[in-house]
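Trainee: Please take one part of this model and look at it closely, then set it against the rest of the chain. I would like the cut-offs along with the names.

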Amino acid sequence: LSDLNESLLQRQIRELYSDIRVQSITPVIRAYLSRGSSADRAVAEAFFAQAADVYRHYDQIRVLDLQGNELIRISHRDGKTTVVPRGKLQNKGERYYFRQILRLRPGEVYASPVDLNVEGGRVERPFVPTMRLGVKVTDEAGAERGVILFNYNASGMLSEFQKSLKAYPLVRGMLLNQGGFWLSDPDSDREWAWQLGRPERSFAAQYPDFWYRMVTARRGEIRTRGGVYLFRQIDPFQLSLPVFGD
């Protein structure tokens, strides 16, 4: 079962990487970031709005300059795609994911950890589990011109994880991040605790001995009086494409 879950995650991540790499080399985006004319901007906005309609699982598609200023932001929510007005564009220069993207070589893709989307400094509600994917855009001469950033709505991916376990009624499936916090659990109140001001509410804090064994072995079995824990470290980023992630 864990092998199947890992394969499904790897396939999905591979598709996401392919999406953003293709977008980053299209003439439309290169022309806009190289020339910056109003006409080029309008074409780029229309292009990415159409991409958001087609892909649907990207809540936001953004184009930023190398200082982190949003130049274009396309929002796709509740089946509706909108081009965000210029007056509502923001600077993301201090966000952790943008700083990481700037460390990339052209052609490499950054993938953030999955966390809850933040708007205006606050966690968005209802919760939107988000993975951010970013890649630099270069012109024909290879000069860096800007960044494309996709916000992937990971709700479906996490839902599929729980669905894959429904055939095993005695199994309680948990997906933990590298810090030992719950990303997915049948008890949704456990999820996202580190972003909700509850750092003590993690698997690592509540079961430190179990967690130590889980981070020091790729897979294993822990027997307790209350049941058996079967664990497996999974790496969704085992791809043939060059990547940069944390």
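Mentor: Leaving aside its neighbours within four places in sequence, Leu133 has contacts (heavy atoms within 4.5 Å) with Leu16, Tyr17, Ile20 and Tyr58, with Val109, Tyr110 and Ala111, and with Ile148, Leu149, Phe150 and Tyr152. The model is predicted, so local features need pLDDT of at least 70 and side-chain atom pairs pLDDT 80 or more, while totals for chains, interfaces and linings use all residues. Numbering starts from 1 along each chain as its sequence is written, and side-chain values use heavy atoms, without hydrogens or water.

Leu133 belongs to the largest nonpolar core (buried Ala, Val, Leu, Ile, Met, Phe, Trp, Tyr and Cys joined through side-chain atoms within 4.5 Å), which has 37 residues. Together with Ile29, Ile61, Met131, Ile148 and Tyr152, Leu133 touches the most other members of that core. Two of these, Ile148 and Tyr152, are also on the contact list of Leu133. Another core lies apart from the largest one and has eight residues, including Phe98, Ile101, Leu104 and Tyr110. Tyr110 is thus a member of this other core and a contact of Leu133.

Over the chain of 246 residues, 44% count as buried (under 20% relative accessible area with a 1.4 Å probe, protein chains only; exposed is over 50%, partly exposed in between). Of the contacts between residues at least 6 apart in sequence, 50% join residues at least 24 apart. Along its principal axes the C-alpha trace spans about 70 × 35 × 30 Å.

Next come the open and closed spaces. The largest pocket (an open set of 1 Å grid points over the protein atoms alone, with protein on both sides within 12 Å along at least five of seven lines; lining residues have an atom within 4 Å of a point) is lined by 46 residues, and Met174, Leu175, Leu176, Arg232 and Ile234 are the closest to its centre. Strand E13 (227-232) gives the most to this lining, six residues (strands are DSSP E runs of at least two, helices H or I runs of at least four, numbered from the N terminus). Helices H1 (2-24), H5 (155-163) and H7 (208-215) and strand E10 (175-176) each supply at least two residues of the pocket lining. The chain as a whole has seven helices and 14 strands.

The largest cavity (points where a 1.4 Å probe fits but cannot get out) is lined by Gln60, Arg62, Lys92, Arg95, Tyr97, Asn117, Val118, Glu119, Arg132 and Asn151. Strands E1 (58-64) and E6 (118-119) each supply at least two residues of the cavity lining.
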